Amino acid sequence: MEDVDNIELTYLSISDYEALKEAMVESYTGLANPYWTRKQVETLINQFPEGQVAIKVNGQIAGVALSIIVESSKYEHLHTYKQITGNYTFKTHRPDGNILYGIDVFIKKEFRGLRLGRRLYDYRKELCEKLNLKGIAFGGRIPNYHHYAKEMTPREYIEKVKRKEIHDPVLDFQMSNDFHPSKILKNYLEGDSLSKDYAVLLEWDNLYYEVKSEAPSAIKTVVRLGLIQWQMRPYSNLDELMQQAEYFVDAVSGYRSDFALFPEFFNAPLMAENNHLSEPQAIRELAKYTHEVVQQFSKLAISYNINIITGSMPEMQNDRLFNVGYLCHRDGRIESFEKIHVTPDEVKIWGMEGGNHLQVFDTDCGKIGILICYDVEFPELSRLLAADGMDILFVPFLTDTQNGYSRVRNCAQARAIENECYVAIAGSVGNLPNVHNMDIQYSQSIVFTPCDFAFPSNGIKAEATPNTEMILIADVDITLLRELNQFGSVRNLKDRRTDIYDLKKKKRRE
């Protein structure tokens with residue numbers, strides 16, 4: 001091959017026809033009718049010019065990709081190449097369809113090795129995203145299958161190609177470009193003796209596809225988190241405590257945050273007035289404030305236009321003590337969450353019980369999960385939430401010592417990696433000398449990310465100064481999670497071996 005001075009990706013022109021015909025004849029030596037007629041190419045260009053592109057090397061056609069747009073119902077069932085192209089007339093092209101269907105793609109032999117095919121597929125993917133189509137589909141030939149047809153079925157052949165036991169130049173290339181086999185097409189391409197007339201329907205899903213709707217979408221893709229690193233200090237009454245809480249809500253909403261996250265037991269200072277009681281009695285007195293705190297937070301969420309995660313508070317339910325928090329939506333809805341795993345200290349000192357309520361919450365910023373402190377140290381919980389579509393995990397916590405904090409921190413970061421999600425943790429700092437069992441607190445609030453090229457290399461989006469009262473503001477991009485799930489260096493969710501293990505949530509106990 002001569003030296004490459006210029007590589008250009010251009011729209012195909014009818015003036016390229018003779019060069020295109022020559023290239024197709026050279027590339028498809030095994031087919032009876034290896035090239036399109038001039039009229040067919042002209043029809044494609046007139047109907048859908050953006051779908052017909054050529055790569056030229058030093059001004060010479062080196063490769064071509066031809067496409068039409070179809071409605072997904074046209075290819076979901078078994079079909080042939082003749083049917084999908086409308087008997088080669090391309091009357092099946094629908095500008096208002098939702099699938100980019102590949103009609104042809106090839107690279108001339110002398111230009112193979114320059115990764116030009118990847119450029120053509122990358123263009124198709126960009127076009128699919130630009131036109132807001134659901135994805136790309138096409139029937140992929142399996143030209144090496146004729147060597148194995150007597151000893152294995154097409155399905156067995158494809159499985160061996162997937163396992164790299166057999167090399168198939170076409171199928172290997174398609175799968176390396178993120179296309180996944182979805183079904184086998186029999187009698188797909190007339191005269192394809194090398195493939196024994198079989199093909200594989202290959203698909204690529206557009207992560208950015210949005211269902212067309214006349215109603216404006218309220219779901220945000222870039223979400224701003226506001227974490228409150230709360231200073232424990234004496235408060236004379238509930239109004240004084242909520243005044244400080246409103247100050248922080250005002251601060252994070254002033255930065256147009258979508259969420260405000262408070263720590264676990266942020267209202268513990270109110271126990272000081274009951275320090276003369278035993279610890280179990282004192283925390284049950286504190287539980288009497290919970291309903292009023294939630295109602296005031298809900299009003300703040302509405303008036304400051306922000307979703308508030310209230311941290312957690314003690315709550316009595318049928319004379320039993322639980323650790324419960326609330327999600328106060330900015331549209332006025334209120335939902336609760338419970339600490340599932342209570343610590344040995346909470347059981348021993350307070351007689352607290354673990355809850356059994358675990359769910360993903362639908363918000364105007366997508367699906368979120370909330371786990372209280374110790375719960376984040378149990379990976380099963382966050383994996384169940386991830387399976388239900390969680391994108392952001394919030395963890396309000398309270399730790400007294402640095403080693404306790406390290407357990408929460410390290411486990412939270414692991415949850416971000418293994419579940420391909422963002423994890424935001426917020427805790428309290430300072431001390432409460434007049435509250436039993438709440439003497440000191442250690443905290444550093446952080447927003448964790450997965451560890452891949454689109455994220456910080458250390459998996460930390462933002463972090464607060466340790467043991468200092470402050471707010472932490474961070475933006476997280478949900479679309480990056482979609483890309484990670486599909487194209488990440490490792491894909492923790494997709495690569496799970498569910499053929500040998502599974503995780504299921506039991507029915508909720510009342």
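**Pockets and overall shape of the predicted model**

The largest pocket holds about 1,400 Å³ of space. A total of 49 residues line this pocket, and those closest to its centre are Tyr-28, Asp-104, Val-105, Phe-106 and Arg-141. Two or more lining residues come from each of α1 (17-27), β4 (99-107), α4 (116-130), β5 (135-141) and α6 (169-176). Of the elements, β4 gives the largest share of the lining, with 6 residues. Sorted by class, the lining of the largest pocket comes out at 25 nonpolar, 15 polar and 9 charged residues. The structure is a predicted model, and that goes for everything described here.

Next up is the second largest pocket, with about 540 Å³ of space. Its lining counts 23 residues, and Thr-343, Asp-345, Leu-398, Thr-399 and Asp-400 sit closest to the centre. Three elements, α10 (344-350), α12 (402-418) and β19 (440-441), chip in at least two residues each. The largest share here, 4 residues, is down to α10. The class split for the second largest pocket is 9 nonpolar, 6 polar and 8 charged.

Two of the elements behind this second lining are worth a look residue by residue. Helix α10 is home to Val-347. With a relative accessibility of 42%, Val-347 falls between the 20% and 50% cut-offs, so it counts as partly exposed. Setting aside residues up to four places away in sequence, Val-347 touches Val-342 and Met-352. Ile-368 is 21 residues from Val-347 in sequence, yet their C-alpha atoms are 28 Å apart in space.

Strand β19 contains Gln-441. This residue has a relative accessibility of 5% and therefore counts as buried, the cut-off being under 20%. Beyond its neighbours up to four places away in sequence, Gln-441 touches Met-232, Leu-398, Thr-399, Asp-400, Ser-428, Val-429, Gly-430, Asn-431, Leu-432 and Asn-467. Leu-398, Thr-399 and Asp-400 turn up again here: they are contacts of Gln-441 and are also among the residues closest to the centre of the second largest pocket.

Leu-432, another contact of Gln-441, belongs to the loop between β18 (428-431) and β19. Despite the loop setting, Leu-432 counts as buried, at 4% relative accessibility. Its contacts, leaving out neighbours within four places in sequence, are Met-232, Arg-233, Ala-268, Pro-269, Met-438, Asp-439 and Gln-441. Met-232 thus touches Leu-432 as well as Gln-441. His-341 lies 91 residues from Leu-432 along the chain, with 25 Å between the two C-alpha atoms.

Stepping back to the whole protein, the fold is built with 13 helices and 22 strands. Its radius of gyration is 30 Å, well over the 24 Å that the globule rule gives for 510 residues, so the protein is more spread out than a compact globule. The C-alpha trace spans about 95 × 50 × 45 Å along the principal axes. Buried residues account for 50% of the 510. Among contacts with a separation of 6 or more, 70% link residues 24 or more positions apart. The protein exposes about 24,100 Å², and 48% of that comes from carbon and sulfur atoms.

Notes
Residues numbered from 1 in each chain as written. Predicted model: local features only at pLDDT ≥ 70, side-chain atom pairs only at ≥ 80, totals over all residues. Heavy atoms only, no water. 1 Å grid on protein atoms, 1.4 Å probe; cavity = no way out; pocket = protein on both sides within 12 Å on 5 of 7 lines; lining within 4 Å. Points joined across faces, edges and corners; volume = space filled by probe spheres on them. Nonpolar A, V, L, I, M, F, W, Y, C, P; charged D, E, K, R; others polar. Rg over C-alpha atoms; globule rule 2.2 N^0.38 Å. Buried < 20%, exposed > 50% of the residue type's maximum accessible area, 1.4 Å probe, protein only. Contact = heavy atoms within 4.5 Å. Areas by Shrake-Rupley, 256 points an atom, 1.4 Å probe, with all protein chains shown as cover.
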